[in-house]
Amino acid sequence: MGPPRGRHRPGRPGAVTGSWRRAELAGVALLVLGALALFLAAPTYPNYDAYYHLVWGRELLDGLTPSFEAYAAPTQHPLEVAVAAVLGAVLGTGADRAFVLIAVLSLVWLAWAVFRLGARVLGPWPGVAGAFFAASSFSLLLLAARGYRDVPFLALVFWAAVRLVEGRSDRSVMALLVVAGLLRPEAWILAGLLALWRRSPALLAAAFVAPALWCLVDLAVTGDPLRSLTGTSELAEELGRERGIENVPSAFVTFVADALRPPVALMAVAGLAVAWWKLGWRQLIVPLALLGAGIATFVGTGVAGLSILPRYLTVPTVALCLFAGYAVAGFTTLPRT
């Protein structure tokens with residue numbers, strides 16, 4: 001029996017009332033203020049990749065071809081290049097700090113999405129706990145402080161999931177995944193899964209937009225439409241990074257435990273088991289898809305000979321935060337006796 005063709009409308013283990021909505025907006029406002037205060041009080045600067053993208057953005061503004069093939073250059077990400085060019089044009093030398101600000105605010109946006117997704121699928125208090133685990137993850141905090149593209153990418157992906165479980169239009173969900181797919185290719189798999197689930201030729205065509213644009217940028221700049229893939233593999237070999245499918249299982253366990261910390265990772269496994277038992281897989285289909293697609297992507301990096309890095313596990317790591325939240329606060333969704 002195939003997947004439903006209508007909108008995803010899971011059951012509601014816990015109602016999100018008007019008072020919850022007011023508390024939600026107040027919490028988000030406090031997080032934004034706190035994030036801005038930390039951004040101003042503790043200045044940090046972007047990572048190596050971000051600075052290269054700022055260079056490429058400046059080259060575009062100067063009418064030059066971006067130096068994607070420079071020695072030890074990272075993989076280009078089309079949307080990051082475009083954002084870098086805009087920030088460079090508007091802010092000049094202040095563009096590097098703007099990268100950090102975008103990532104820091106994106107972490108707040110991500111925590112909000114995790115709450116909304118958790119509240120809709122698992123219940124309000126599990127959503128709060130899941131958002132706390134995501135926002136307090138040292139790995140994600142470090143990525144935000146260094147202006148990594150991963151944080152806005154995650155926010156886009158999880159807001160797409162929110163729109164899906166809330167029954168919004170599939171086109172809006174796909175639009176967010178297409179934008180995310182210009183930051184990281186993991187979104188391509190999620191977009192393809194959505195199109196196949198809905199059995200929609202139009203959505204399937206849209207799922208190819210991000211990879212097609214990525215290849216077109218590579219082709220226009222380097223003459224090789226697969227330059228990002230081959231260049232990433234070559235750089236991984238040159239830097240001596242861990243690669244290969246045989247290293248994936250141990251790396252998966254190590255990276256997830258490091259990102260969540262072992263107690264939270266164990267709670268996530270327990271929460272997943274209990275949620276499956278109490279709610280059923282249909283209720284959990286969206287967070288399970290995020291978890292499964294993220295794991296599949298991580299395995300794919302090993303098969304493709306790319307570097308095995310913790311950043312490739314960010315989607316399943318955040319999805320596991322939801323289940324850790326259910327392990328902690330799932331009891332609040334039980335009927336009163």
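**Exercise 1. Cysteines**

Decide whether Cys 321 is buried or exposed, and state how many disulfides the structure holds.

*Solution.* In this predicted model, the relative accessible area of Cys 321 is 1%. Because a residue counts as buried under 20%, Cys 321 is buried. Cys 215, with a relative accessible area of 27%, is partly exposed, since that class lies between the buried limit of 20% and the exposed limit of 50%. As for pairing, the number of disulfides in the structure is 0.

**Exercise 2. Residues with a positive phi**

Find where Ala 72 lies and where Arg 199 lies, and give the phi value of Ala 72 and of Arg 199.

*Solution.* Begin with the general expectation, which is that most residues other than glycine have a negative phi. Ala 72, which is not a glycine, has a positive phi near 60°, and it sits in the loop between α2 (48-61) and α3 (78-91). With a relative accessibility of 22%, Ala 72 is classed as partly exposed. Next, take Arg 199, whose phi is also positive, at about 55°, although this residue is not a glycine either. Arg 199 belongs to the loop between α9 (186-198) and α10 (201-207), and its relative accessible area of 42% makes Arg 199 partly exposed.

**Exercise 3. A nonpolar surface patch**

Name the residues that make the nonpolar surface patch of about 320 Å², and place Leu 216 in its helix.

*Solution.* The patch of about 320 Å² is formed by Val 209, Leu 213, Leu 216 and Leu 219. Of these residues, Leu 216 can be placed in helix α11, which covers residues 209-222.

**Exercise 4. The second largest pocket**

Work out which residues are the closest to the centre of the second largest pocket and which elements give two or more residues to its lining.

*Solution.* The volume of the second largest pocket is about 410 Å³. Its lining consists of 20 residues, and those closest to the centre are Ala 35, Leu 38, Val 104, Leu 107 and Leu 141. Two or more lining residues come from each of α1 (18-41), α4 (95-121), α5 (124-135) and α6 (138-145).

**Exercise 5. A contact across the chain**

Determine which helix holds Leu 260, and how far its C-alpha atom is from that of Phe 138.

*Solution.* Leu 260 is part of helix α13, residues 248-260, and with 5% relative accessibility Leu 260 is buried. Although Leu 260 and Phe 138 are 122 residues apart along the chain, their C-alpha atoms are separated by 8.0 Å.

Terms used: Residues are numbered from 1 along each chain as its sequence is written. This is a predicted model: local features need pLDDT of at least 70, side-chain atom pairs count only at pLDDT 80 or more; totals for chains, interfaces and linings use all residues. Side-chain values use heavy atoms; hydrogens and water are left out. Patches are made of residues with over 30% relative accessible area and no salt bridge: like charges are joined within 9 Å, nonpolar side chains (Val, Leu, Ile, Met, Phe, Trp, Tyr) within 5 Å. Accessible areas come from the Shrake-Rupley method with a 1.4 Å probe; for residues, only the protein chains shown count as cover. A salt bridge is a side-chain nitrogen of Lys or Arg within 4 Å of a carboxyl oxygen of Asp or Glu. Helices (H or I, at least four residues) and strands (E, at least two) are DSSP runs, numbered from the N terminus. A disulfide is a pair of cysteine sulfur atoms within 2.5 Å. Buried means under 20% relative accessible area, exposed over 50%, partly exposed in between (1.4 Å probe, protein chains only). On a 1 Å grid over the protein atoms alone, a cavity is a set of points where a 1.4 Å probe fits but cannot get out, and a pocket is an open set with protein on both sides within 12 Å along at least five of seven lines; lining residues have an atom within 4 Å of a point. Grid points are joined across faces, edges and corners, and a volume is the space filled by probe spheres set on the points.
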